[in-house]
Amino acid sequence: MKNILAPSILSADFKVLGEQVKTCAENGAEYLHFDVMDGMFVSNISFGIPVLASIKGAADIVMDVHLMIEEPIRYVEAFHKAGADILNVHYEACEDVQATLDAIHKCGMKAGLTIKPATPVEVLKPYLDQAELFLIMSVEPGKGGQSFIPESLDKIRELRGLLNEKGLTADVEVDGGIHLGNAKEVLESGANVLVAGSAVFKDNIAENVKGFMEILNENE
Ligand SMILES: O=C(CO)[C@H](O)[C@H](O)COP(=O)(O)O
Ligand SMILES: [Fe+2]
């Protein structure tokens with residue numbers, strides 16, 4: 001299973017966003033994690049459709065969009081048009097999860113289904129063959145720079161186990177509090193896509209991405 005780094009631009013320097021995205025891609029990051037917050041599902045507001053459309057051309061990288069918004073089905077088409085490749089929606093934010101995943105697929109995007117730290121993996125069972133990616137939040141969604149919740153490791157193991165039982169090879173992505181010191185154990189638990197915001201965009205971005213790529217490649 002391919003291991004992938006998804007730098008979260010929530011911690012980027014927006015004055016030079018395009019350059020920083022290019023640095024991530026040039027040093028091995030394959031996904032760019034794009035956190036959208038609506039001030040309702042989470043209390044913060046981040047950025048949205050025009051920013052995505054604008055950075056789409058900055059580098060050759062898969063746009064992995066994490067929608068922390070209520071009723072994301074309303075915006076599926078708009079994010080597709082702006083350049084999303086993978087659209088992650090929260091289980092907790094959808095009135096009709098299946099209809100939302102279907103809408104994402106209808107536009108030709110990959111679907112990601114996301115759960116918050118307090119939501120059990122069990123709720124994903126009906127959708128295991130309905131999404132290409134499952135995102136386990138390892139912090140409370142809403143802001144970057146928080147500490148990894150250790151119980152997330154059990155959730156990752158449980159989810160990978162359920163997928164394996166069914167012979168499914170979906171991406172298991174983990175988001176929140178990931179750094180060079182805990183990346184290996186997150187991968188060993190069964191994740192293959194690591195989101196990292198503050199650990200990538202502090203100090204030397206190229207060196208940080210290279211450090212993650214080394215761990216990702218060693219643990220494939
Ligand atoms: O979805 C998110 C927050 O809601 C971010 O993707 C996440 O927190 C990444 O930031 P960091 O690596 O600094 O924890
Ligand atoms: Fe995120």
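These are my notebook entries on one sheet and its surroundings in a predicted model.

**Entry 1: confidence.** I started by checking how far the predictor trusts its own work. The protein averages a pLDDT of 98, and 100% of the residues score at least 70. For the complex, I noted an ipTM of 0.98 and a pTM of 0.98.

**Entry 2: the sheet.** Next I asked myself: in what order do the strands of the open sheet lie? Reading across, I wrote down β1-β8-β7-β6-β5-β4-β3-β2, which makes 8 strands with parallel pairing. At the edges I found β1 (4–7) and β2 (31–37), each of which pairs on one side only. I also looked up the twist: neighbouring strands are turned by 25° against each other on average, direction ignored. A reminder to myself: strands of a sheet pair through backbone hydrogen bonds, either parallel or antiparallel.

**Entry 3: β7 and its surroundings.** I then picked β7 for a careful look. Is it enclosed or open? I counted 5 of its 5 residues as buried, so β7 is largely enclosed by the rest of the structure. My cut-off for buried was 20 or more other C-beta atoms within 10 Å of a residue's own. The side chains split nicely: Asp171, Glu173 and Asp175 point one way, while Val172 and Val174 point the other way. I was pleased to see that acidic names such as Asp171 are on the buried list too.

**Entry 4: from β6 to β7.** On one side, β7 (residues 171–175) pairs with β6 (residues 133–137) in the parallel sense over 5 bridges. I looked up two positions here. Isoleucine 136 has valine 174 as its bridge partner, and leucine 135 stands opposite glutamate 173. Between these two strands the chain runs through helix α5 (residues 152–165), and I recorded this β-α-β crossover as right-handed.

**Entry 5: from β7 to β8.** Which strand does β7 pair with over 3 bridges? I found β8 (residues 193–196), again in the parallel sense. Here aspartate 175 stands opposite valine 195. The chain gets from β7 to β8 through helix α6 (residues 183–188), and this β-α-β crossover is right-handed.

**Entry 6: the core.** Last, I turned to the largest nonpolar core, which has 69 residues. Which of them touch the most other members? My list reads Leu87, Phe134 and Leu194. I followed up leucine 194: leaving out residues up to four places away in sequence, it touches Leu5, Ala6, Val174, Ile178, Ala183, Val186 and Phe212. Val174 was already in my notes, as a buried residue of β7.

How values were computed: Residues numbered from 1 in each chain as written. Chains lettered and ligands numbered in written order. Predicted model: local features only at pLDDT ≥ 70, side-chain atom pairs only at ≥ 80, totals over all residues. pLDDT = per-residue confidence, 0-100. Pairing = 2+ DSSP bridges. Helix = DSSP H or I, 4+ residues; strand = E, 2+ residues; numbered from the N terminus. Axes fitted to C-alpha atoms, helices over the stretch in contact; angles between N-to-C directions. Core = buried A, V, L, I, M, F, W, Y, C linked by C-beta atoms within 7 Å. Buried ≥ 20, exposed ≤ 12 C-beta atoms within 10 Å, placed from the backbone. Contact = placed C-beta atoms within 7 Å. Right-handed = clockwise from strand over helix to strand, strands pointing away.
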